[in-house]
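Subject: Structure for your review

Dear colleague,

Please find below the structure that I am handing over to you. My notes on what was found in it follow directly after.

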Amino acid sequence: MNRFTAIYSTLSFVISISLMSAAFIVPTQLNWYEESGFIEVSTAIFFGLSGLIAFGAWFSDRRETYGLFALTMILACLRELDAHKAFTTQSILKSRFYLSDQTPLGEKLIGFLFILLLLYTAIRLLSYVSGWLKEVFSLQRDAIVIAIAFGSLCVGKFLDTSPRIFTGLQEYAYQLRAIEECLELNSAVFFVLAAILIYTKKHSKKENTTSFKKYADKLCTH
């Protein structure tokens, strides 16, 4: 792990833990952790940023994994901004949206195409899981960063649903939501790191190839 990755990761964890701690320390409930609060908006921004950086890598190297990663991050950004229900009568991720007679046909068609895009992205990503897991177990830096990001997201989603599953946790719903939102933010921040590592790796290889070509041309001229 290089210095940049170590410093970036440490700052990300410190900020996340600090934001979580505020929910337990501050005596009144903060609106930071609510829908459209600054943490959720920040999460959307970081997801969008990681998608843009990954698209930059994909434009210079049309590798499918880069494109899928970029597309997934953009979709996650739109999900955080509630785009899945902002332009339709109800959420396109719910079955009743497609079964209801009150839903316009045009909206159903758009929602169906969006679901197909999600399914295609998920299926293609699944085909790379085994290779990614091998890289994780071999302690490849990029794979570990993605594992931390994905792990934070999964734990956050579990905490978000836990009060509904375990009724005894309902009195801690505010704190659990705070932790969940902070973990999602941490996930998005680490996905940005993953995108940066992919982008810089691609461009450093390109620069090294260019330098080698210049050196080879110089040798050929003598």
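Leaving aside neighbours within four places in sequence, which residues is R124 in contact with? Please keep in mind while reading that this is a predicted model. The contacts of R124, with those neighbours set aside, are E64 and L68. R124 belongs to helix 6, which covers residues 105–126, and is partly exposed, with a relative accessible area of 26%. Although R124 and E64 are 60 residues apart along the chain, their C-alpha atoms are separated by 8.9 Å.

Overall architecture

The chain contains nine helices and zero strands, and 36% of its 222 residues count as buried. Among contacts with a separation of 6 or more, 61% are between residues 24 or more positions apart.

Helices 2 and 3

Helix 2 runs over residues 38–60, a total of 23 residues. At 1.5 Å a residue it should span 33 Å, and its end C-alpha atoms are 34 Å apart, so the expected and computed values agree. Its buried residues include I39, F47, I53 and several small ones, among them A44, G48, S50, G51, A54 and A57. E40 is also on the buried list of helix 2.

Helix 3 comprises 17 residues, from 64 to 80. The expected span is 24 Å and the end C-alpha atoms are 24 Å apart, which agrees. Buried positions in helix 3 include Y66, L68, F69, M73, L75 and C77, as well as E80. L68, one of the buried residues of helix 3, is also one of the two contacts of R124 mentioned above. Just after helix 3, D82 takes a positive phi of about 60 degrees.

Aromatic residues

There are 10 aromatic pairs in the model. One of them is formed by F55 and W58, whose ring centres are 6.2 Å apart; their planes stand at 75 degrees, over the 60 degrees required, so the pair is edge-to-face. F55 and W58 are three residues apart in helix 2, and are therefore separated by about one helical turn. In general, an α-helix has 3.6 residues a turn, so residues three or four places apart point the same way. Both members of the pair are partly exposed: F55 has a relative accessible area of 25%, and W58 has one of 23%. W58 has a further partner, since the charged end of R62 sits over its ring, 4.4 Å from the ring centre. Elsewhere, W32, Y33, F38 and Y174 form one aromatic cluster.

Two loop residues with positive phi

Most residues other than glycine have a negative phi. Which value of phi does S36 have, although it is not a glycine? Its phi is positive, at about 65 degrees. S36 is found in the loop between helix 1 (3–25) and helix 2, and is exposed, with a relative accessible area of 55%. L139 likewise has a positive phi, near 60 degrees, and is a residue other than glycine. L139 lies in the loop between helix 7 (129–137) and helix 8 (141–165). With a relative accessibility of 65%, L139 counts as exposed.

Helices 7 and 8

How do the two helices on either side of that loop meet? The axes of helix 7 and helix 8 come within 8 Å and cross at roughly 105 degrees. The two helices are therefore roughly perpendicular to each other. On the helix 7 side, the residues that meet helix 8 are W132, E135 and V136; on the helix 8 side, they are A143, I144, I146 and A147.

A143 shows this meeting in detail. Not counting residues up to four places away in sequence, A143 touches W132, E135 and V136. A143 is buried, with a relative accessible area of 1%, under the 20% cut-off. The C-alpha atoms of A143 and L133, which are 10 residues apart along the chain, are separated by 7.7 Å.

Helix 8 has 25 residues, which should span 36 Å at 1.5 Å a residue; the end C-alpha atoms are 35 Å apart, which agrees. Besides A143, the buried residues of helix 8 include D142, V145, A149, S152, G156, L159, S162 and P163.

Yours sincerely

Terms used:
Residues are numbered from 1 along each chain as its sequence is written. This is a predicted model: local features need pLDDT of at least 70, side-chain atom pairs count only at pLDDT 80 or more; totals for chains, interfaces and linings use all residues. Side-chain values use heavy atoms; hydrogens and water are left out. Helices (H or I, at least four residues) and strands (E, at least two) are DSSP runs, numbered from the N terminus. The expected span of a helix is 1.5 Å times one less than its number of residues. Buried means under 20% relative accessible area, exposed over 50%, partly exposed in between (1.4 Å probe, protein chains only). Rings of Phe, Tyr and Trp (its six-membered ring) pair if their centres lie within 6.5 Å; planes under 30 degrees apart count as stacked, over 60 as edge-to-face and the rest as tilted. A charge sits over a ring if NZ of Lys or CZ of Arg is within 6 Å of the ring centre and within 35 degrees of the ring normal. Axes are lines fitted to C-alpha atoms, for helices over the stretch in contact, and angles run from 0 to 180 degrees between N-to-C directions. Angles under 35 degrees count as roughly parallel, over 145 as roughly antiparallel, 65 to 115 as roughly perpendicular and the rest as oblique. Contact means heavy atoms within 4.5 Å.
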